[in-house]
Amino acid sequence: MTPIISIRKLTKRYANGFEALKGVDLDVAKGEILALLGPNGAGKTTLISIICGIVNASSGNVQVGGNDIVKDFRKTRTMIGLVPQELTTDQFETVWNTVSFSRGLHGKKANPGHIEKVLRDLSLWDKKDNTLRQLSGGMKRRVLIAKALSHEPEVLFLDEPTAGVDVTLRKDMWRVVERLRESGVTIILTTHYIEEAEAIADRIGVINGGKLLLIEEKAALMAKLGRKQLILELTDPLSTLPEGFAAHELSLENDGYRLVHTLDRDTEQENAAQLLIRLTSAGVRFKDLSTRQSSLEDIFVALVGDAK
């Protein structure tokens, strides 16, 4: 299947010599949710800005729906909706007028029915006659999403969509994103919230220093890089590992009162049972056991740390 977004060897170098992007290659499938993770200054916003035609690339090629973003700017820009980080809205304009005006800016004929649907989907219908200055920060962010959806784009970019939004509203907005995907909209979001990517994304991309370090399906990424560990809280501390256990991935923590074993994902249950039997036979006594699984945040921190 032809990707809806195709990026090849994309670079961005500013006049002061700073390289914001360094040869990025990326394909995004129609209808997927892709989350881009990275620290501040990693290149996330620069990448989005180039695709949306706000910033010019130094080199490389970007296509949206098979159309070049430079040669076919008007066509590609109409296919794209962008929700920026900043709350840039006309404070004295009403919600209805703001969203309707945004549709007209993209060359689309007036369609009150569509505007109403967008506002209802985003729980903004009862605020349609309010001015922007009367809304909370979370509601203003919803208005930004409504503006981005006003012209019925096929691709929606969300740049830190829930920054500064409380947890309850954040999860509500995740449900909005899921409904958009169900309607066929392709969504690319940047986020600092690891749990956001873990909750709603199909694929995860990690970008740092202008380089795309990794792009992987979420489940495959967790399976490949996530670790599951068996943790034994010992009755008596150990100063060294028992003799004959060198082949096992074992480590001592908490001044010898905790024994940690990294499990083999394919044979974890069998290996854990055998290990417990062997440890008991070797005289190791434990009062409690538990397991812990690496989170997406653990994987992200490790990837970014290794890239430094």
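**Exercise 1. Salt bridges**

Task: Find how many salt bridges the model holds, then examine single pairs.

Solution.
Step 1. Start with the rule. A salt bridge is a side-chain nitrogen of Lys or Arg within 4 Å of a carboxyl oxygen of Asp or Glu. By this rule there are 12 salt bridges.

The model is predicted, so local features need pLDDT of at least 70 and side-chain atom pairs count only at pLDDT 80 or more, while totals for chains, interfaces and linings use all residues. Residues are numbered from 1 along each chain as its sequence is written, and side-chain values use heavy atoms, with hydrogens and water left out.

Step 2. Take D27 and R8. Their closest N and O atoms are 2.9 Å apart. The pair links distant parts of the chain: D27 is in strand β2 (residues 19–28), R8 is in strand β1 (residues 5–13), and 19 residues separate them. Strands (E, at least two residues) and helices (H or I, at least four) are DSSP runs, numbered from the N terminus.

Step 3. Check exposure. Buried means under 20% relative accessible area, exposed over 50%, and partly exposed in between (1.4 Å probe, protein chains only). D27 has 29% relative accessibility, so D27 is partly exposed. R8 has 36%, so R8 is partly exposed.

Step 4. Take D129 and K128. Here the closest N and O atoms are 3.1 Å apart. D129 is exposed because its relative accessibility is 56%. K128 is partly exposed, at 22%.

Step 5. Take R258 and E253. Their salt bridge spans 3.6 Å, N to O. R258 stands at 23% and is partly exposed. E253 stands at 26% and is partly exposed.

Step 6. Look for a network. E178, R181 and D202 are linked in one by salt bridges.

**Exercise 2. The overall fold and the cores**

Task: How many helices and strands are there, and which residues of the largest nonpolar core touch the most other members?

Solution.
Step 1. Count the elements. The protein has 10 helices and 14 strands.

Step 2. Look at burial. Of the 308 residues, 45% are buried.

Step 3. Look at contacts (heavy atoms within 4.5 Å). Among contacts with a separation of 6 or more, 69% join residues 24 or more positions apart.

Step 4. Find the cores. A nonpolar core is a set of buried Ala, Val, Leu, Ile, Met, Phe, Trp, Tyr and Cys residues joined through side-chain atoms within 4.5 Å. The largest has 38 residues, and L156, L158, I187 and I204 touch the most other members. A second, separate core of 26 residues includes I51, I69, I188 and I207. In soluble globular proteins, nonpolar side chains tend to be buried together.

**Exercise 3. Pocket and cavities**

Task: Which elements give two or more residues to the lining of the largest pocket, and what lines the largest cavity?

Solution.
Step 1. Set the terms. On a 1 Å grid over the protein atoms alone, a cavity is a set of points where a 1.4 Å probe fits but cannot get out; a pocket is an open set with protein on both sides within 12 Å along at least five of seven lines; lining residues have an atom within 4 Å of a point. Grid points are joined across faces, edges and corners, and a volume is the space filled by probe spheres set on the points.

Step 2. Take the pocket. The largest has a volume of about 360 Å³. It is lined by 18 residues, and S102, L105, H106, K147 and A148 are the closest to its centre. β6 (80–83), α3 (95–105) and α5 (137–149) each give two or more residues to this lining. The largest share, five residues, comes from α3.

Step 3. Take the cavities. There are two of 30 Å³ or more. The largest has a volume of about 50 Å³. Its lining is L158, P161, T162, M173, W174, V177, L189, E196 and I200. α6 (167–182) gives the most, three residues.

**Exercise 4. Positive phi**

Task: Where does E152 lie, and where does D255 lie?

Solution.
Step 1. Recall the general pattern. Most residues other than glycine have a negative phi.

Step 2. Take E152. Its phi is positive, about 60°. E152 lies in the loop between α5 and β7 (155–159). At 39% relative accessibility, E152 is partly exposed.

Step 3. Take D255. Its phi is positive too, near 55°. D255 lies in the loop between β12 (250–253) and β13 (258–262). At 72% relative accessibility, D255 is exposed.
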